[in-house]
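Student: Please take me closely through the side-chain interactions of this structure, with the cut-offs behind each term. I would like one connected account rather than a list.

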Amino acid sequence: METRMNQKKWIYWTFIFSIIFAISTAAMAANQEINWYSYKAGMEKISKENKKGYIHFYTDWCTYCKIMNQKTFTDDSVIAFLNQNFVPIRVNAEEQRDVAKKYGVSKFPNNWFIGEDKSEIGKRPGFIPAEIMLKMLEYVSSDSFKNMSFQDYMDSSQ
């Protein structure tokens with residue numbers, strides 16, 4: 001009888017700890033954000049860590065920039081992949097006109113992928129939905145851009 005009572009206690013406490021673990025894990029995932037770097041700090045980090053970079057040019061008045069912040073940059077998969085595989089750089093083009101001019105950026109949002117040597121891999125102006133952004137990040141991270149177009153990559157991954 002005592003053994004049965006111990007089993008019930010063990011099951012009860014295992015259940016309680018499982019719930020607590022699930023809630024805390026969900027809370028941590030919900031609080032996850034992109035670790036944005038300034039342009040200067042991000043470019044230095046690319047050199048130090050030999051990582052590819054992602055530069056997001058935006059303005060405060062840009063509607064699609066705001067939508068991208070709300071929909072794309074809050075997606076857990078995009079956040080995790082970007083933080084792990086890239087140096088994410090965010091540039092307010094109105095405050096850093098010199099950087100925007102250097103890249104020839106005049107439409108927003110504008111998204112750039114750069115190599116470990118800071119060379120241009122590719123760019124895409126406009127809003128990018130989370131599912132496409134994730135595919136673009138995978139495409140660039142895997143160096144598939146060296147062998148095939150993004151469209152071919154998308155066709156082969158379906």
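Tutor: What follows begins with the overall layout and then goes through the charged pairs, the rings, one helix and one loop residue.

This is a predicted model, in which local features need pLDDT of at least 70 and side-chain atom pairs count only at pLDDT 80 or more, whereas totals for chains, interfaces and linings use all residues. Residues are numbered from 1 along each chain as its sequence is written, and side-chain values use heavy atoms, with hydrogens and water left out.

The protein has seven helices and four strands, these being DSSP runs numbered from the N terminus (helices H or I of at least four residues, strands E of at least two). Along the sequence they follow the pattern α-α-β-α-α-β-α-β-β-α-α. Of its 158 residues, 34% count as buried, which is to say under 20% relative accessible area, with exposed meaning over 50% and partly exposed in between (1.4 Å probe, protein chains only). Among contacts (heavy atoms within 4.5 Å) between residues at least 6 apart in sequence, 70% join residues at least 24 apart.

Turning to the charged pairs, a salt bridge here is a side-chain nitrogen of Lys or Arg within 4 Å of a carboxyl oxygen of Asp or Glu, and by this rule there are six salt bridges. One of them pairs Lys45 with Glu49, whose closest N and O atoms are 2.5 Å apart. Because Lys45 and Glu49 are four residues apart in helix α2 (residues 39–49), about one helical turn separates them. Glu49 itself counts as partly exposed, because its relative accessibility is 37%.

Another salt bridge joins Glu116 to Lys52, with 3.2 Å between the closest N and O atoms. This pair links distant parts of the chain, since Glu116 is in the loop between β3 (110–114) and β4 (120–125) while Lys52 is in strand β1 (residues 52–58), 64 residues apart. Glu116 has a relative accessible area of 31% and is therefore partly exposed, whereas Lys52, at 7%, is buried. Asp143 and Lys146 also meet in a salt bridge, at 3.8 Å from N to O. Asp143 is partly exposed at 26% relative accessibility, and Lys146 is exposed at 59%. Salt bridges that share partners join Lys52, Glu116, Asp143 and Lys146 into one network.

The rings come next. Rings of Phe, Tyr and Trp (its six-membered ring) pair if their centres lie within 6.5 Å, and planes under 30 degrees apart count as stacked, over 60 as edge-to-face and the rest as tilted. By this rule there are 13 aromatic pairs. Among them, Tyr54 and Phe113 form a tilted pair, 5.3 Å from centre to centre with 45° between the planes. Tyr54 lies in strand β1 and Phe113 in strand β3, so this pair ties together parts that are 59 residues apart in sequence. Tyr54 and Phe113 are both buried. Tyr103 and Trp112 form an edge-to-face pair, with 4.9 Å between centres and 80° between planes, and both Tyr103 and Trp112 are buried. Ring pairs also link Trp36, Tyr54, Phe73, Phe86 and Phe113 into a cluster.

Charge and ring come together at Arg90. A charge sits over a ring if NZ of Lys or CZ of Arg is within 6 Å of the ring centre and within 35 degrees of the ring normal. The charged end of Arg90 sits over the ring of Trp36, 5.5 Å from its centre, and Arg90 also lies over the face of Tyr58, at 4.2 Å from the ring centre.

Helix α4 (residues 76–85) has Val78, Ile79, Leu82 and Asn83 buried. Seen down the axis of α4, its buried residues fall within an arc of 115° (taken from the directions from the helix axis to the C-beta atoms), so they line one face of the helix. The buried residues of α4 pack against β1, β2 (86–92) and α6 (130–141).

Finally, Ala93 is placed in the loop between β2 and α5 (97–103) and counts as buried at 6% relative accessibility. Leaving aside neighbours within four places in sequence, Ala93 is in contact with Tyr58, Thr59, Ala100 and Phe108. Ala93 and Ser106, 13 residues apart in sequence, are 8.4 Å apart in space, C-alpha to C-alpha.
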